[in-house]
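Work through the following exercises with the sequence and the 3D view side by side. Try each task before you read its solution.

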Amino acid sequence: QVQLVESGGGLVQPGGSLRLSCAAPGSIFSIYHMGWYRQAPGEQRELVATITSGGSTNYADSVKGRFTISRDNVKNTVYLQMNSLKPEDTGVYYCYGRPIVTSAQYWGQGTQVTVSS
């Protein structure tokens with residue numbers, strides 16, 4: 001079983017920063033595309049950022065210039081550095097992983113990010 005375990009969420013004031021982590025212990029991590037999605041209450045889950053097995057990244061327009069996705073294949077971990085946070089960034093953030101040669105999808109349990117005064 002592939003397990004994705006998120007951490008790093010919490011409560012932060014507007015303009016603050018958080019770093020989310022997603023660990024996949026025991027996986028062949030280097031062959032996975034990875035990413036982050038988020039979902040606000042009553043809204044659809046949306047893509048935030050992705051990083052391929054080769055390290056190429058892309059971002060939702062709403063987070064470009066503020067968020068950075070990265071990966072460490074030695075630690076089997078993907079990160080999302082979130083700076084200049086806004087109230088509209090509030091939601092549950094989910095890690096996902098996809099092996100590069102299959103259609104399988106793996107999801108973490110989610111971590112809550114709340115940006116509020």
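## Exercise 1: An exposed residue and its patch

Val101 counts as exposed, because its relative accessibility is 72% and the cut-off for this class is over 50%. Bear in mind throughout that the model is predicted.

Task: Find where Val101 is placed along the chain, and state which residues form a nonpolar patch on the surface with Val101.

Solution: Begin with the strands on either side, which shows that Val101 belongs to the loop between β9 (91-99) and β10 (106-107). Then turn to the surface, where Val101 forms a nonpolar patch with Ile28, Ile31 and Ile100. Taken together, these four residues have about 380 Å² of accessible area.

## Exercise 2: Following β4, β5 and β6

Task: Determine in which sense β4 and β5 pair, and then how many bridges join β5 to β6.

Solution: Start with β4 (residues 32-39) and β5 (residues 46-51), which pair in the antiparallel sense over five bridges. As one example, Gly35 has Thr50 in β5 as its bridge partner. The two strands form a hairpin with six residues between them, and in its turn Gly42 has a positive phi of about 75 degrees.

Continue from β5 to β6 (residues 57-59), where three bridges join the strands and the direction is antiparallel. Here Ala49 has Tyr59 in β6 as its bridge partner. β5 and β6 also form a hairpin, with five residues between them, and Gly55 in the turn has a positive phi of about 100 degrees.

## Exercise 3: Charged pairs

Task: The structure holds four salt bridges; for the pair Asp89 and Arg66, explain which parts of the chain are tied together, and decide whether Asp89 is buried or exposed.

Solution: First locate the contact, in which the closest N and O atoms of Asp89 and Arg66 are 2.8 Å apart. Asp89 lies in the loop between β8 (77-82) and β9, while Arg66 lies in the loop between β6 and β7 (67-72), so the salt bridge ties together parts that are 23 residues apart in sequence.

Next, compare each value with the cut-off for buried residues, which is under 20%. Asp89 is buried because its relative accessibility is 0%, and Arg66 is buried because its relative accessible area is 11%.

Finally, look at Glu46 and Arg38, whose side chains meet in a salt bridge (2.8 Å, N to O). Glu46 counts as partly exposed at 35% relative accessibility, whereas Arg38 counts as buried at 5%. Arg38, Glu46, Arg66 and Asp89 are linked in a network of salt bridges.

Terms used:
Residues are numbered from 1 along each chain as its sequence is written. This is a predicted model: local features need pLDDT of at least 70, side-chain atom pairs count only at pLDDT 80 or more; totals for chains, interfaces and linings use all residues. Side-chain values use heavy atoms; hydrogens and water are left out. Patches are made of residues with over 30% relative accessible area and no salt bridge: like charges are joined within 9 Å, nonpolar side chains (Val, Leu, Ile, Met, Phe, Trp, Tyr) within 5 Å. Accessible areas come from the Shrake-Rupley method with a 1.4 Å probe; for residues, only the protein chains shown count as cover. Helices (H or I, at least four residues) and strands (E, at least two) are DSSP runs, numbered from the N terminus. Buried means under 20% relative accessible area, exposed over 50%, partly exposed in between (1.4 Å probe, protein chains only). Two strands pair if DSSP finds at least two bridges between them.
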